[in-house]
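Q: I would like to learn how to read a fold from its strands, helices and backbone angles. Can we work through an example?

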Amino acid sequence: MRTSTAEKHIKETLKYIGEDVNREGLIETPKRIRKAYDEIFSGYKQNPKDLMKVFTEGTCEEMVILKNCEFYSMCEHHMFPFFGHISIGYIPNKKVIGISKLARLTDLFAKRMQIQERMTSQIADTIMKELD
C-alpha cells in the first residue's frame, strides 16, 4: 500500500470516530501513525531464514535456553496490543544459533498481526527447520 493511501485511510478512521482532522494536534497524526505501523508491523518485511545464522562448531548436547524474552505484538482479532514473556529452549543436533537470534526471531514474528498460539508455532517451526 502506498504511503499516501495508508495515511488517507487513517484520516478517514479519525473522521469516523468523530475527530476534526484539521485540528492542529491531528494534522500530522496520519503520518505519525503510518510511521508507527511501519515499525509495529515490520515483521512482514523480514524473512525468518535471514536471521538464522547456523553454526556447527561449538555445539553442545545440553539444552540451549532463552528465558523470559519480552515481546510486544498486535492481536489479529481486535488490532489491540498484547505483550508478554516467552522462554525458548532446544537441544542442539550438531547445529546451534546464537541466543540473540532467538530473541530476534521472537521479535520478527511478534511484529505481525498475531495470536499467541500461532506465534509460538512459527518460532518453533523455524527453529526445527533450520536446526533439524
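Q: What is the order of the three strands in the open sheet?
A: The model is predicted. In it the strand order is β2-β1-β3, and the pairing is mixed. The edges are β2 (81–90) and β3 (113–114), each of which pairs on one side only.

Q: In which sense do β1 and β2 pair, and over how many bridges?
A: Strand β1, residues 64–75, pairs with β2 in the antiparallel sense, and the pairing covers nine bridges. To fix the register, take one residue and look up its partner: Cys69 is bridged to Ile86 in β2.

Q: Which strands does helix α4 lie across, and at what angle does it run to β1?
A: Helix α4 (residues 99–110) lies across β1, β2 and β3, and its direction is at about 15° to β1. A second helix, α5 (residues 116–131), also packs on the sheet; α5 touches β1, β2 and β3 and makes about 30° with the direction of β2.

Q: How does the reach of α4 compare with the span expected at 1.5 Å a residue?
A: The twelve residues of α4 reach 17 Å from first C-alpha to last, close to the expected 16 Å.

Q: Which residues of α4 are buried?
A: Begin with the general idea. An α-helix has 3.6 residues a turn, so residues three or four places apart point the same way. In α4 the buried residues are Lys101, Leu102, Leu105, Thr106, Leu108, Phe109 and Ala110. They pack against α3 (48–51), β1, β2, β3 and α5.

Q: Why does Thr106 count as buried?
A: The cut-off for buried is under 20% relative accessible area. Thr106, which is found in helix α4, counts as buried because its relative accessible area is 1%. Leaving aside neighbours within four places in sequence, Thr106 is in contact with Cys69, Phe71, Ile86, Ile88 and Ile123. Two of these contacts, Cys69 and Ile86, are the bridge partners met earlier.

Q: What is the sign of phi in Asn68, and where does this residue sit?
A: Phi of Asn68 is near 55°, a positive value in a residue other than glycine. Asn68 belongs to strand β1. Its relative accessible area is 54%, so Asn68 is exposed.

Q: Where is Lys94, and is it buried or exposed?
A: Lys94 is in the loop between β2 and α4. Lys94 is not a glycine, yet its phi is positive, at about 70°. Exposed means over 50% relative accessible area; Lys94 counts as exposed because its relative accessibility is 66%.

Methods: Residues are numbered from 1 along each chain as its sequence is written. This is a predicted model: local features need pLDDT of at least 70, side-chain atom pairs count only at pLDDT 80 or more; totals for chains, interfaces and linings use all residues. Side-chain values use heavy atoms; hydrogens and water are left out. Two strands pair if DSSP finds at least two bridges between them. Helices (H or I, at least four residues) and strands (E, at least two) are DSSP runs, numbered from the N terminus. Contact means heavy atoms within 4.5 Å. Axes are lines fitted to C-alpha atoms, for helices over the stretch in contact, and angles run from 0 to 180 degrees between N-to-C directions. The expected span of a helix is 1.5 Å times one less than its number of residues. Buried means under 20% relative accessible area, exposed over 50%, partly exposed in between (1.4 Å probe, protein chains only).
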